[in-house]
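Good morning, colleagues. Please turn to the sequence and the model on the screen, and I shall take you through one helix and then the ligand site.

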Amino acid sequence: MTFSDFDTRSVRCGIHRSQFNEHSEALYLTSSFVFESAAQAAARFSGEEEGNVYARFSNPTVTMMQERLAALEGGEACVATASGMSAILSLVMATMKAGDHVVASLGLFGATQQLFGNILSKFGIETSFVSATDPDAYRTALRPTTRLIFVETPSNPLTEIVDIAAVAQIAHRAGALLAVDNCFCTPALQRPLELGADVVVHSATKYLDGQGRVLGGAIVGGKVVMDEVFKFLRTAGPCISPFNAWVILKGLETLRIRMVAQSASALELARWLSGQPGVLRVHYPGLESHPQFALAQRQQSAGGAIVSFEVDGGRERAWRVIDETRMISITANLGDTKTTITHPASTTHGRLTPDARAAAGITEGLLRVAVGLESVDDLRADLARGLA
Ligand SMILES: *Cc1c(COP(=O)(O)O)cnc(C)c1O
């Protein structure tokens, strides 16, 4: 069934009931499926008859998760993968070959940067990294061999915004695909396909699950590109576990409610932080002081749940803010109902050289908070101790 409303799609799309007519979506823990005859086995293998064969590439629980997420992103098809990184790898392996070129935004998730910069380069796929916020920089970096533009918006941890519609035009004029990592906003707040992107990738580990339980990833897009992604997954096998898919399928039911509530708390916290002595700068797309506030308002329906801020006094002060917390979890993960805090310069961005860190704007006084569902009063109290 199709529904026009996002909330209805979140709970009603992609349901396939078994002969038992269970109300809640079933978890199918089986690696293979039985055929009624040799002829049916042959038809299933050749693709003449639809149906499940082997869980590396089809499982009813995984199918339900894929259909629900495709409906939320507004894409024709979705392929779920074992993690966010395997989603990005699968997209590249399915759409590119040696000699092809990628343009990627600076400030990508660390492992994504490593994948493009250090691993794919060994196989003859070169990547140019450009300033995320300047559409002209993408245009200038294009080569005749450019097949993919890959961006993440808002970026981590500085919440820089990529103009998806503008970069989509640049990609399409050059005959390249635009892929957007929609991990931070999720389809609840931002739908890149509606803005002209060809493909969305996800770390479902973050907000799609939303409760820090499982790893997962997904790619969503049009049928032509997703057929290629599916062929890669079927052969190479970076598939999601049915259990993880079931957890994420249920996580999607509360996605918009969580994202709206966590964004509202993040905005309140960002406003409060902006007025605190010792806080030099707050990075949050929902603040009018954000350099791309207008674009964020146009492109996203809320600012998201990631707030970063710089304290006076460098690493020493930043670490004190972290160590004085009693409730907020000290972890580099994000996308949870429990608020987390991290010091990017010594954790997620610790492997960069000091020069590269400075170029990326990751100062020693920078802290990143991924706001969860606790009360804002409790979050303020927990941060105020270290700021005092
Ligand atoms: C975590 C993350 C990834 C990688 O996802 P995994 O599920 O950890 O493999 C990719 N992109 C972004 C923006 C992330 O935050």
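Let me begin with a backbone detail: just after helix α7, G175 adopts a positive phi of about 70°. Please keep in mind that this is a predicted model.

Let us now step back to the helix itself. Helix α7 covers residues 164-173, and its buried residues are I164, V167, A168, I170 and A171. Why do these buried residues line one face of α7? Viewed down the axis of α7, they fall within an arc of 165°, so they line one face of the helix. The general background is familiar: an α-helix has 3.6 residues a turn, so residues three or four places apart point the same way. As for partners, the buried residues of α7 pack against two helices, α6 (135-141) and α12 (293-299), and against the strands β4 (146-152) and β5 (177-181).

I turn next to the ligand. Which residues surround it? They are S83, G84, M85, F109, E152, D181, C183, F184, S203, T205, K206 and G216. By character, this shell comprises 4 nonpolar, 5 polar and 3 charged residues.

Three polar contacts deserve mention. A polar side-chain atom of T205 lies 2.6 Å from an oxygen atom of the ligand. For S203, an N or O atom of the side chain is 2.8 Å from a ligand oxygen. With M85, the contact is made by the backbone: one of its polar backbone atoms is 2.9 Å from an oxygen atom of the ligand. The ligand taken alone exposes 380 Å², of which the protein buries 92%.

Key:
Residues numbered from 1 in each chain as written. Predicted model: local features only at pLDDT ≥ 70, side-chain atom pairs only at ≥ 80, totals over all residues. Heavy atoms only, no water. Near = heavy atom within 4 Å. Polar contact = N/O pair within 3.5 Å; in protein donor to acceptor, adjacent residues only side chain to side chain. Areas by Shrake-Rupley, 256 points an atom, 1.4 Å probe, with all protein chains shown as cover. Nonpolar A, V, L, I, M, F, W, Y, C, P; charged D, E, K, R; others polar. Buried < 20%, exposed > 50% of the residue type's maximum accessible area, 1.4 Å probe, protein only. Helix = DSSP H or I, 4+ residues; strand = E, 2+ residues; numbered from the N terminus. Arc of directions from axis to C-beta. Contact = heavy atoms within 4.5 Å.
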